[in-house]
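Thanks for coming. I will talk about charged side chains that pair up, and I will take the pairs one at a time.

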Amino acid sequence: DLHSFPTRRSSDLHIERLRQAIADAELSLSVGGDWCILGSGGSKVAAAYRLIELEELAPDHVVAIGNEANDEALLREFPTAFVIRNAGGHHPSLAAIAGAARCHAEGPLGWLEMIDALDRASQGADQ
């Protein structure tokens, strides 16, 4: 099980203390921007494969999107990946992922840009 919740990042030291307490409880913590993901193991990649299994999809029909370091493994796992821009630009580790499209718009507008790109690619494949 994974649970996502917003948090204020007062300092990396506080996050590390929280992460250690969570690890002591045999849970995991992943921090991305203002959000934390608390889980009982696994990862975003594992969760994606579970959804693929449940929905009987092919992995090449999956689109990975992300904007923070905790999305890196997910973006590297799937052939269609989009990096959403943050206010300060693309996260450096995500911008370096070969083959991942980098959206120019920030946040939700980046999602719209991604959807437009997927629509254009789909229309091109239909012809």
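**Salt bridges in this model**

Arginine 85 is partly exposed, with a relative accessible area of 25%. Please keep in mind that this is a predicted model.

What does the side chain of arginine 85 meet in a salt bridge? The partner is glutamate 106, with N to O at 3.1 Å. This pair connects distant parts of the chain, since arginine 85 sits in strand β5, residues 80–85, and glutamate 106 in strand β6, residues 101–106. In sequence they are 21 residues apart. Glutamate 106 is partly exposed as well, at 38% relative accessibility.

How many salt bridges are there by the rule used here? The count comes to three. I have covered one of them, the pair of glutamate 106 and arginine 85.

Next, helix α3. Both glutamate 72 and arginine 76 lie in this helix, four residues apart, which is about one turn of the helix. They form a salt bridge, and their closest N and O atoms are 3.0 Å apart. Are these two residues buried or exposed? Glutamate 72 has a relative accessibility of 23%, so it counts as partly exposed, the cut-off for buried being under 20%. Arginine 76 has 49%, and because exposed means over 50%, it is partly exposed too.

Now the pair of aspartate 71 and lysine 44. Their side chains meet in a salt bridge at 2.4 Å, N to O. Here again distant parts of the chain are linked: aspartate 71 is in the loop between β4 and α3, lysine 44 is in helix α2, residues 44–55, and 27 residues separate them. The side chains of these two residues also make a polar contact, listed at 2.4 Å.

Where exactly is the loop that holds aspartate 71? On one side is β4, residues 63–66, and on the other is α3, residues 72–77.

Is aspartate 71 buried or exposed? Its relative accessible area is 5%, and because the cut-off for buried is under 20%, aspartate 71 is buried. Lysine 44, at 26%, counts as partly exposed. So this salt bridge joins a buried aspartate 71 to a partly exposed lysine 44.

What else is aspartate 71 in contact with, if we leave aside neighbours within four places in sequence? Besides Lys44, the contacts are Ile65, Gly66 and Leu94.

To go back over the pairs, look for arginine 85 with glutamate 106, glutamate 72 with arginine 76, and aspartate 71 with lysine 44. That is the end of my part.

Conventions
Residues are numbered from 1 along each chain as its sequence is written. This is a predicted model: local features need pLDDT of at least 70, side-chain atom pairs count only at pLDDT 80 or more; totals for chains, interfaces and linings use all residues. Side-chain values use heavy atoms; hydrogens and water are left out. Helices (H or I, at least four residues) and strands (E, at least two) are DSSP runs, numbered from the N terminus. Buried means under 20% relative accessible area, exposed over 50%, partly exposed in between (1.4 Å probe, protein chains only). A polar contact is a pair of N or O atoms within 3.5 Å; within protein, one must be able to donate a hydrogen and the other to accept it, and residues adjacent in sequence count only if both atoms are side-chain atoms. Contact means heavy atoms within 4.5 Å. A salt bridge is a side-chain nitrogen of Lys or Arg within 4 Å of a carboxyl oxygen of Asp or Glu.
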